[in-house]
Amino acid sequence: MIISLVRMPADGLKFRHQYKAGELDTRDFEFKFEGAPSVTGRVDRAGQDMRVRGDINAEIAAPCDRCLNKVTIPVEIPFDLFYSPGDPGAGHAGEHELSERDLDFAVYENDQIDLDELILEQLELSLPSRVLCREECRGLCPQCGADLNLEQCDCKAEIDPRWKALADLKAGMEENDK
Ligand SMILES: [Zn+2]
Ligand SMILES: [Zn+2]
């Protein structure tokens, strides 16, 4: 959904949109939609900038970090962003590394704000750093790939080398205590 600012009323512009399945392309993102998202909000003039506020409601699906099974995550994301008028011709992308601030500060061009882009970015940012189907998920066997939540495979349990290093360290420290 594109918001046109051409005939924006002085007291702001309200928007509301219920997306259809497949309307937003998530190919470049780490999640998929489980239910079609909806967005409500408003645009207000803030000096030179446009302030875009609202709420995104969606149900997204992402793979569990351990067992790769689908996890459904209902999300409600409030957003409050400022859009600066872009300088046509002076490409704003790729010139400098994205900083934290840039995530809250976007650029609009041609009197249009692309709400689709806003929604996809906000959803990507809201993804938890760790997606788990449940806290005690046992994950996949690193050797045969069996889902250990469903079956016990016959692979010999090997100590993860990282844990072994820790265990050695601990043993060494105990040694020093003596
Ligand atoms: Zn899992
Ligand atoms: Zn196995």
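A residue counts as buried if 20 or more other C-beta atoms lie within 10 Å of its own, as exposed if 12 or fewer do, and as partly exposed in between, with C-beta atoms placed from the backbone. Strand E2 shows what that can look like: among its 6 residues the count of buried ones is 0, and E2 is hardly covered.

This is a predicted model, in which local features need pLDDT of at least 70 and side-chain atom pairs count only at pLDDT 80 or more, while totals for chains, interfaces and linings use all residues. Residues are numbered from 1 along each chain as its sequence is written, and chains are lettered from A and ligands numbered from 1 in the order in which they are written.

**View 1. The whole chain is built from 2 helices and 7 strands.** Helices (H or I, at least four residues) and strands (E, at least two) are DSSP runs, numbered from the N terminus. Following the protein from that end, you meet the elements in the order β-β-β-β-β-β-β-α-α. Of the 178 residues, 11% are buried. Two residues are in contact if their C-beta atoms, placed from the backbone, lie within 7 Å. Among contacts with a separation of 6 or more, 57% are between residues 24 or more positions apart.

**View 2. Five neighbours make an open sheet, in the order E2-E3-E4-E5-E6.** Two strands pair if DSSP finds at least two bridges between them, and the pairing in this sheet is mixed. Strand E2 (13–18) and strand E6 (105–108) are at the edges with a single partner strand each, so one side of each has no neighbour in the sheet. From one strand to the next, the twist averages 25°; axes here are lines fitted to C-alpha atoms, for helices over the stretch in contact, and angles run from 0 to 180 degrees between N-to-C directions.

**View 3. Here we walk across the antiparallel part of the sheet, beginning with E2 and E3.** These two strands are antiparallel and share 6 bridges, and Arg16 has Thr40 in E3 as its bridge partner. Next, E3 and E4 run antiparallel and are joined by 12 bridges, with Gly41 opposite Gly54 in E4. Their hairpin has 2 residues between the strands, and Gly47 in the turn has a positive phi of about 65°. E4 and E5 are also antiparallel, with 14 bridges, and Ile56 stands opposite Ile77 in E5. The hairpin of E4 and E5 has 6 residues between the strands, where Leu68 takes a positive phi near 70°.

**View 4. At the E6 edge, strand E5 (residues 70–85) and E6 pair in the parallel sense.** The pairing has 4 bridges, and Tyr83 has Ala106 in E6 as its bridge partner. Helix H1 (residues 115–126) packs on the sheet, touching strand E3 (32–46), strand E4 (49–63) and E5, and its direction makes about 125° with that of E5.

**View 5. Helix H1 has a buried side, with Leu115, Leu118, Ile119 and Leu123.** Seen down the axis of H1, its buried residues fall within an arc of 125° (the arc of the directions from the helix axis to the C-beta atoms), so they line one face of the helix. Glu117 and Leu125, on the other side, are exposed. The buried residues pack against strand E1 (2–4), E3, E4, E5 and strand E7 (112–114).

**View 6. The largest nonpolar core gathers 16 residues.** Such a core is a set of buried Ala, Val, Leu, Ile, Met, Phe, Trp, Tyr and Cys residues joined through C-beta atoms within 7 Å. Ile113, Leu115, Ile119 and Leu123 have the most contacts inside this one. E3, E4 and H1 each supply at least two of its residues, and the largest share, 5 residues, comes from E4. Leaving aside neighbours within four places in sequence, Leu115 is in contact with Met1, Ile2, Ile3 and Val39.
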